[in-house]
Amino acid sequence: MVKITCDVCDKVRPQKGSRAEDAWILGYDIEVENANALQRSLRFLSRWDDARLLELGAIHLCSEKCKDQYIKDARAAA
Ligand SMILES: [Zn+2]
């Protein structure tokens, strides 16, 4: 069993079947290299997908609030 934590607040994702897991958001944070710049691409899936959560660049967020925070931080770092 893989332990998943929120990439913003470090909260641990609850076990399967618990109601609290519904709010979690799965996304991707991928860097794409162009001719002269590194571009960061953020994508969020419409629903959680256990089969994809360990894919390259996957990000795990426990709530809409952490998702907003993540986007803010990503913009600040760009
Ligand atoms: Zn969080």
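Below, a biologist questions a modeller about this predicted model.

Biologist: How many helices and strands does the chain have, and what pattern do they follow along the sequence?
Modeller: The model is predicted. The chain has 1 helix and 3 strands. Read along the sequence, the pattern is β-β-β-α.

Biologist: What is the order of the strands in the sheet?
Modeller: The sheet is open and has 3 strands. Their pairing is antiparallel. The order is E2-E1-E3.

Biologist: Which strands stand at the edges?
Modeller: An edge strand here has a single partner, so one of its sides is left without a neighbour in the sheet. That applies to E2 and E3.

Biologist: What is the average twist from one strand to the next?
Modeller: The sheet in question is the one ordered E2-E1-E3. From one strand to the next, its twist averages 25 degrees.

Biologist: Over how many bridges do E1 and E3 pair?
Modeller: Leu26 stands opposite His60 in E3. E1 and E3 pair in the antiparallel sense. The number of bridges is 4.

Biologist: Which residues of E3 point the other way from Ala58 and His60?
Modeller: In a regular strand the side chains alternate between the two faces of the sheet. In E3, Ala58 and His60 point one way, and they are buried. The residues that point the other way are buried too: Ile59 and Leu61.

Biologist: Where does helix H1 lie, and at about what angle does it run to E2?
Modeller: Helix H1 covers residues 64–77. It lies across E1, E2 and E3. Its angle to E2 is about 170 degrees.

Biologist: Which residues form the aromatic pair, and is it stacked or edge-to-face?
Modeller: A search of the whole structure finds 1 aromatic pair. Its ring centres are 6.0 Å apart, with 90 degrees between the planes. Planes over 60 degrees apart count as edge-to-face. The pair is Trp24 and Trp48, edge-to-face.

Biologist: How many residues apart are the partners of this pair?
Modeller: Trp24 sits in the segment before strand E1 (25–33). Trp48 sits in the loop between strand E2 (38–44) and strand E3 (58–61). The pair links distant parts of the chain, 24 residues apart.

Biologist: Are Trp24 and Trp48 buried or exposed?
Modeller: The cut-off for buried is under 20% relative accessible area. Trp24 has 4% relative accessibility. Trp48 has a relative accessible area of 11%. Trp24 counts as buried, and Trp48 is buried.

Biologist: Which residue lies over the face of Trp48?
Modeller: The residue is found in the segment before E1. Its relative accessible area is 12%, so it is buried. It lies 4.0 Å from the ring centre of Trp48, and it is Arg13.

Biologist: Which residues is Arg13 in contact with, leaving aside its neighbours within four places in sequence?
Modeller: Both partners of the aromatic pair, Trp24 and Trp48, are among these contacts. The list is Ile4, Glu21, Trp24, Trp48 and Asp50.

Biologist: Which residue lies over the face of Phe44?
Modeller: The distance from the ring centre of Phe44 is 4.9 Å. The residue is Lys67.

Biologist: How many disulfides are there?
Modeller: A disulfide is a covalent bond between the sulfur atoms of two cysteines. Cys9 is partly exposed, at 39% relative accessibility. Cys62 is buried, with a relative accessible area of 7%. The disulfide count is 0.

Biologist: What is the phi of Asp10?
Modeller: Most residues other than glycine have a negative phi, and most peptide bonds are trans. Asp10 is found in the segment before E1. It is exposed, with a relative accessible area of 58%. Its phi is positive, near 70 degrees.

Biologist: Is Leu56 buried or exposed?
Modeller: Leu56 lies in the loop between E2 and E3. It is 14 residues from Leu42 in sequence and 13 Å away in space, C-alpha to C-alpha. Its relative accessibility is 81%. Leu56 counts as exposed.

Biologist: What percentage of the residues of the chain count as buried?
Modeller: The C-alpha trace spans about 45 × 25 × 20 Å along its principal axes. The chain has 78 residues. The share that counts as buried is 28%.

Notes: Residues are numbered from 1 along each chain as its sequence is written. This is a predicted model: local features need pLDDT of at least 70, side-chain atom pairs count only at pLDDT 80 or more; totals for chains, interfaces and linings use all residues. Side-chain values use heavy atoms; hydrogens and water are left out. Rings of Phe, Tyr and Trp (its six-membered ring) pair if their centres lie within 6.5 Å; planes under 30 degrees apart count as stacked, over 60 as edge-to-face and the rest as tilted. Helices (H or I, at least four residues) and strands (E, at least two) are DSSP runs, numbered from the N terminus. Buried means under 20% relative accessible area, exposed over 50%, partly exposed in between (1.4 Å probe, protein chains only). A charge sits over a ring if NZ of Lys or CZ of Arg is within 6 Å of the ring centre and within 35 degrees of the ring normal. Two strands pair if DSSP finds at least two bridges between them. Axes are lines fitted to C-alpha atoms, for helices over the stretch in contact, and angles run from 0 to 180 degrees between N-to-C directions. Contact means heavy atoms within 4.5 Å. A disulfide is a pair of cysteine sulfur atoms within 2.5 Å.
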